[in-house]
Amino acid sequence: MIRTAPMLKLAIPAAAAAGLYLLASTGAGAQAERTVLAPPPARDIAGATGAQTAVLAGGCFWGMEAVFEQVKGVKSVTAGYAGGTGSTASYDQVSTETTGHAEAVKIVYDPRVVSYGTLLRVYFSVAHDPTQLDYQGPDHGPSYRSAIFPQTQEQRAVATAYIAQLGKARTWPAPIVTKIETGQFFAAEAYHQDFYRKNPTYPYIVRWDKPKIAAFRATFPQLAKS
């Protein structure tokens with residue numbers, strides 16, 4: 001499979017931007033991402049205080065970062081790599097698909113405003129497609145896998161229960177392939193951070209990520225920052 005990764009995305013001809021922007025603005029680009037409204041998790045974390053951290057992987061971290069930056073209660077989102085070692089946590093090495101890393105985001109959030117279970121609901125509903133094994137849309141390879149990296153035993157219990165709940169409910173026509181994994185998070189290079197906000201007309205962003213943001217704000221208006 002050909003891996004279309006962030007640095008390769010940077011090589012997309014700029015001349016294509018106008019056509020892709022028109023595609024998204026006329027509504028056709030909304031088909032780039034399928035929205036499946038997942039039910040609320042039956043199990044969640046209650047009573048947490050202070051800033052909490054969630055680490056989620058689901059395809060290119062540009063779009064994942066952009067979606068969760070829109071969520072009320074989210075303080076910060078960092079694009080990075082999880083599942084491998086620090087010595088190989090660089091874009092060039094992760095691109096070889098041999099490091100064990102997944103492109104991921106670290107979400108720091110206020111649990112008094114948004115719960116871990118709610119973040120997972122957004123993750124499954126609009127941030128990515130949990131039925132795609134080792135790819136998301138045009139991006140192929142295990143670094144684009146669907147994976148949750150719990151930061152506490154409570155998070156692990158909630159994530160495990162939610163995957164089972166969604167599978168039993170047959171929310172998607174295909175099986176969920178999301179895995180619960182362990183591994184440290186490492187921040188990605190500076191040029192990957194806030195890529196959506198810094199490059200709103202970039203072709204890849206227009207084609208694949210703007211529809212995700214539109215889907216989030218339409219599906220979860222009560223969770224969207226103003």
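**Exercises on a predicted model**

Asp194 lies in the loop between strand 8 and helix 7 (195-198). The structure is a predicted model, and the exercises below begin from this loop.

**Exercise 1.** Determine what is notable about the phi of Asp194.

*Solution.* Asp194 is not a glycine, yet its phi is positive, at about 55 degrees.

**Exercise 2.** Locate Arg170, describe its phi, and decide whether Arg170 is buried or exposed.

*Solution.* Step one: Arg170 is placed in the loop between helix 6 (153-169) and strand 7. Step two: Arg170 has a positive phi of about 50 degrees, although this residue is not a glycine either. Step three: the relative accessibility of Arg170 is 71%. The cut-off for an exposed residue is over 50%. Arg170 therefore counts as exposed.

**Exercise 3.** State the strand order of the open sheet and identify its edge strands.

*Solution.* The order of the six strands is 7-6-1-3-2-8, with mixed pairing. At the edges stand strand 7 (179-180) and strand 8 (185-187), each of which pairs on one side only.

**Exercise 4.** Describe how strand 1 is joined to strand 6, and find the residue opposite Val55.

*Solution.* In general, strands of a sheet pair through backbone hydrogen bonds, in either a parallel or an antiparallel manner. Strand 1 (residues 52-58) and strand 6 (residues 146-149) run antiparallel and are joined by four bridges. Opposite Val55 stands Phe149 in strand 6.

**Exercise 5.** Establish which strands helix 3 touches, and how its direction relates to that of strand 2.

*Solution.* Helix 3 (residues 61-69) packs on the sheet and touches strand 1, strand 2 (74-82) and strand 3 (102-109). The direction of helix 3 makes about 165 degrees with that of strand 2.

Key: Residues are numbered from 1 along each chain as its sequence is written. This is a predicted model: local features need pLDDT of at least 70, side-chain atom pairs count only at pLDDT 80 or more; totals for chains, interfaces and linings use all residues. Side-chain values use heavy atoms; hydrogens and water are left out. Two strands pair if DSSP finds at least two bridges between them. Helices (H or I, at least four residues) and strands (E, at least two) are DSSP runs, numbered from the N terminus. Contact means heavy atoms within 4.5 Å. Axes are lines fitted to C-alpha atoms, for helices over the stretch in contact, and angles run from 0 to 180 degrees between N-to-C directions. Buried means under 20% relative accessible area, exposed over 50%, partly exposed in between (1.4 Å probe, protein chains only).
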